[in-house]
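Colleague: I am new to reading structures. Could we go through this one by question and answer?

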Amino acid sequence: MEPLLDHYYLKQPEPIQGCLLALKDIIMQLDENITQQRRFQIPFFYYKDKKLSYLWVTKKKIQIGFVEDKNIHPKKEGIKLKDKYQSMLINPNDDIPIELILTELNEKIDLYRSILANK
């Protein structure tokens, strides 16, 4: 992990830090093609260089975002494509909704796989 990403996780107080690190592990272990980078000052996760997810701390809760990268769709003249975002808040004092998170991430990964296989 790069130092700036380390700092983002480690500067958080408990239980936020532990929850962030657990979420990072859940995401990273899902597929070997997932990488992370610092983008917009927060951890962003990519599947084969396509935006997949992010983690952001807001008001003592963690927001996990799920992203559908605009670059998977063909460009159409006159139409400006945008990334599609969905997010959910996680209370770091509660259990992590692992199944829901895995379902959302796997849906995005399956979409990427099907589109990338047809290119």
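Modeller: Helices and strands here are DSSP runs, a helix having at least four residues and a strand at least two, numbered from the N terminus. Under that naming, I98 is in helix α3, residues 98-117. Keep in mind that this is a predicted model.

Colleague: In what order do the elements of the protein chain run from the N terminus on?

Modeller: The protein chain has three helices and five strands. Read from the N terminus, the order is α-α-β-β-β-β-β-α.

Colleague: What radius of gyration does the protein chain have, and with what value near it should I compare?

Modeller: The C-alpha atoms fill a box of roughly 45 × 25 × 25 Å along the principal axes. A compact globule of 119 residues would have a radius of gyration near 14 Å. The chain agrees with that, because its own value is 15 Å.

Colleague: What share of the residues of the protein chain count as buried?

Modeller: A residue is buried when its relative accessible area is under 20%. The protein chain exposes about 7300 Å², and carbon and sulfur atoms supply 50% of that area. Of its 119 residues, the share that count as buried is 40%.

Colleague: How far apart are the mean positions of the positive and negative charges?

Modeller: The protein chain has 19 positive and 17 negative charges. Taking the mean position of each set, the separation is 9 Å.

Colleague: Is Q12 buried or exposed?

Modeller: Q12 sits in the loop between α1 (3-10) and α2 (16-28). Leaving aside neighbours within four places in sequence, Q12 is in contact with Q17, L20 and V57. Its relative accessible area is 12%, and the limit for burial is under 20%, so Q12 is buried.

Colleague: Which peptide bond is cis, with omega near 5 degrees?

Modeller: Look again at the loop between α1 and α2, where P15 is placed. The bond leading into P15 has omega near 5 degrees. The cis bond therefore runs from E14 to P15.

Colleague: What distance does α2 reach from its first C-alpha to its last?

Modeller: Residues of α2 that are buried include I16, Q17, C19 and L20. Also buried in α2 are L23, K24, I26 and I27. The helix has 13 residues, and at 1.5 Å a residue the expected reach is 18 Å. The model comes close to that, with a reach of 18 Å.

Colleague: F40 is not a glycine; what is its phi, and is F40 buried or exposed?

Modeller: F40 is in the loop between β1 (34-39) and β2 (42-47). Its phi is positive, about 55 degrees. With a relative accessible area of 58%, against a limit of over 50%, F40 is exposed.

Colleague: K59 is not a glycine either; where does K59 lie, and what is its relative accessibility?

Modeller: K59 has a positive phi of about 50 degrees. It lies in the loop between β3 (50-58) and β4 (61-68). K59 counts as exposed, because its relative accessibility is 79%.

Colleague: Which residues does Q37 touch, not counting residues up to four places away in sequence?

Modeller: Q37 is placed in strand β1. It counts as partly exposed, at 35% relative accessibility. The C-alpha atoms of Q37 and Y54 are 9.6 Å apart, with the two positions 17 residues apart in sequence numbering. On the same terms as you set, Q37 touches L5, I42, P43, F44 and Y46.

Colleague: How far apart in space are S87 and K61, C-alpha to C-alpha?

Modeller: S87 is found in strand β5, residues 84-90, and is partly exposed, with a relative accessible area of 42%. Not counting residues up to four places away in sequence, S87 touches Y54, Q63, I64 and G65. S87 and K61 are 26 residues apart in sequence, and in space their C-alpha atoms are apart by 12 Å.

Colleague: What separates the C-alpha atoms of I98 and I27?

Modeller: I98, in helix α3, counts as partly exposed at 37% relative accessibility. I98 and I27 are 71 residues apart along the chain. Their C-alpha atoms are separated by 10.0 Å.

Key. Residues numbered from 1 in each chain as written. Predicted model: local features only at pLDDT ≥ 70, side-chain atom pairs only at ≥ 80, totals over all residues. Heavy atoms only, no water. Rg over C-alpha atoms; globule rule 2.2 N^0.38 Å. Buried < 20%, exposed > 50% of the residue type's maximum accessible area, 1.4 Å probe, protein only. Areas by Shrake-Rupley, 256 points an atom, 1.4 Å probe, with all protein chains shown as cover. Lys, Arg positive; Asp, Glu negative; His and termini not counted. Charge placed at Lys NZ, Arg CZ, Asp CG, Glu CD. Contact = heavy atoms within 4.5 Å. Expected span 1.5 Å × (residues − 1).
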